[in-house]
Amino acid sequence: MTAGDVFGFAGMALVRHRRRSLLSILGVTVGVAAVVVLTALGEGARRYVVREFSALGTNLLIVLPGRNETTGFFPGAGGVPNDLTLDDVRALERGIPEARRIVPLAMGNETVSHGERRRQVAVLGSTPEFREIRQLRILAGRFLPASDLERGAPVAVLGAKVARELFPDQSPLGRVVRIGSWRMRVIGVLEGKGEHVGLDIDDMVVVPVASAMRIFDLSSLFRVMLEVRAFADLDAARQRVIEILAERHGEEDITCITQESVVAALSRILAALTLALAGIAAISLSVAGLGVMNLMLVSVSERTEEVGLLKALGASQSQVLAVFLAEAVLLALSGALLGLALGYALVQAFVALYPSFPAAPPVWAAAGVFALAVASGAVFGVLPARRATRLDPVAALSGR
Amino acid sequence: MIELVDLWRTYEVGGQPLHALRAVEARIPAGDYVAVMGPSGSGKSTLLNILGCLDRPTRGSYRLEGQEVATLSDEALSEVRRHKIGFVFQSFHLIGRLSAAENVALPMVLAGVAPAQRQQRASAALEAVGLAARAGHRPAALSGGESQRVAIARAVVMRPRILLADEPTGNLDSASGRQVMELLEGMNAEGLTLVVVTHDPNVGRRSNRVLLLRDGEIARIVAGRDLAPDLVAAPEPGAPAP
């Protein structure tokens, strides 16, 4: 009996019980489609985040004060680190020729007011190059002027929302706002951009870095961002940053991470999430497997006589097993194929509705769920098929 | 040639041994025509199943053409069934979703005969039972007599040495029954060993020899033409199934 014969025989049995077979197939179809769609959404989320972060450039190094990577934002635990200062920034500018831009950041929250209108916002101190690194656009006026690092000019660039709230019916350009007790002249307004990976650019005021440090009475920078010219220089530059700052501070008390590692970490987290989604969806597949088993048990007990006949005609145990296993596998296989088709169609429809969300089932998920579905057909088919081989042909044939 | 020596078949029923066959001894030469008769529960079906290698004796020897088959493995037994034994059943046992020709080809599928040859041999076998014109029909479209003739074509398509028939006329009217018996006897005349299990004395009388079973034992062996109606006890109504 060739494989073609086995599947031909099994296929005819399925076609004979069309409606029953279709219901079992549908169970597998839904399970497979669920895995495809859910992993496509998970993968879409991962791609979306990676894309957004990568837009910042993967040539970025981020320097934080503090040694411990996890608590680096809040120095204090495990020794007091030295401040990350503007002098450090200057030392980096001198010592790292690979750097295209070095951008210091100082941050705080303060009330910004104009007349009776006031608003609590994030105030960010930086340099003109912050605009390039964050790829910000100017709606009106201009961005921070190029000037000496230490010279904190009393100027501010408003986020789109801040500008709208404080100056509802006039241009803010040239006006004076109060940031805490400091008076700053508005020189520009940023274009609305919305939430941008953790930083609400629209609800923010940008001032020169030295001004921010004065406003908040800071001795240390929040971060220093460093962009190298070529990705290949990234590791060497990172090493140099650590060396230079360790020498200046007398100990290694900063953390220097690459933007790439941040993206990679996020990507890993979201990939794990996708895997978890796949696992949850796969549960529905096991339910479908039980459906296949149920159908096969019915099929075997209904065809007791046929099993007896096959044995009388010279079918061996393994042939009877093969015929019924083939039936289960065919069920699962057609369910899996339909499920893949349905899943991909749903994902296509989703992408057509939300083109900005890059939903796509990862190949490992599609291939994996297909293999799993077919394998589950085989596994869940074993029990009924074994029952068929154990049938007593004598009793089976006499119908007694 | 079939040789049975001290053949026993014992079932466990409720912890008690039940002897379906006891110390059966028989020799059936090649080309013989034997009827097995006896009341319900006398062990006819058990004997037929052992002869057909669907069941193994609990004890004793069964030699089929010189080969001891009582101790063969399941795989080896299926091989014997494939090539040496043909079955015909009371209720035909045709597979409803397959055409007549496909039913006839089924033993060749199981035996791994090449597809081109299958078709040709199935047509020839159907022709031999006079049903070449019905090759494409499903069993539902065939009469009882036609169905049994398709089953006979299926039983002989692998050119077995022995044909075992279990009440082959039991579900047929007398005209169809006679036709079926003539077909089987024609094959016997060409050298096929024919063993028929039957309740019908008219069928028994046509055979060379009748093995009369009672309580699992061969009570008597008589020539077919000597079969007297009183020798065959009528089946007791409501007799327990074996």
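Q: Which residues of β7(B) point one way, and which the other?
A: I162(B), L164(B) and D166(B) go one way and L163(B) and A165(B) the other, and all are buried. In a regular strand, side chains alternate between the sheet's two faces. This is a predicted model: local features need pLDDT of at least 70, side-chain atom pairs count only at pLDDT 80 or more, and totals for chains, interfaces and linings use all residues. Residues are numbered from 1 along each chain as its sequence is written, while chains are lettered from A and ligands numbered from 1 in the order written.

Q: What makes a residue buried or exposed?
A: Buried takes 20 or more other C-beta atoms within 10 Å of its own, exposed 12 or fewer, and partly exposed is in between, with C-beta atoms placed from the backbone. In β7(B), 5 of its 5 residues are buried.

Q: How do you know which strands pair with β7(B)?
A: DSSP must find at least two bridges between two strands. β6 (residues 85-88) of chain B and β7(B) have 4, in the parallel sense, and β7(B) and β8(B) have 5, also parallel. So both pairs meet the rule of at least two bridges.

Q: Why do the buried residues of α6(B) line one face of the helix?
A: They are G177(B), V180(B), M181(B), L183(B), L184(B) and N188(B). Seen down the axis, they fall within an arc of 155° (taken from the directions from the helix axis to the C-beta atoms), so they line one face.
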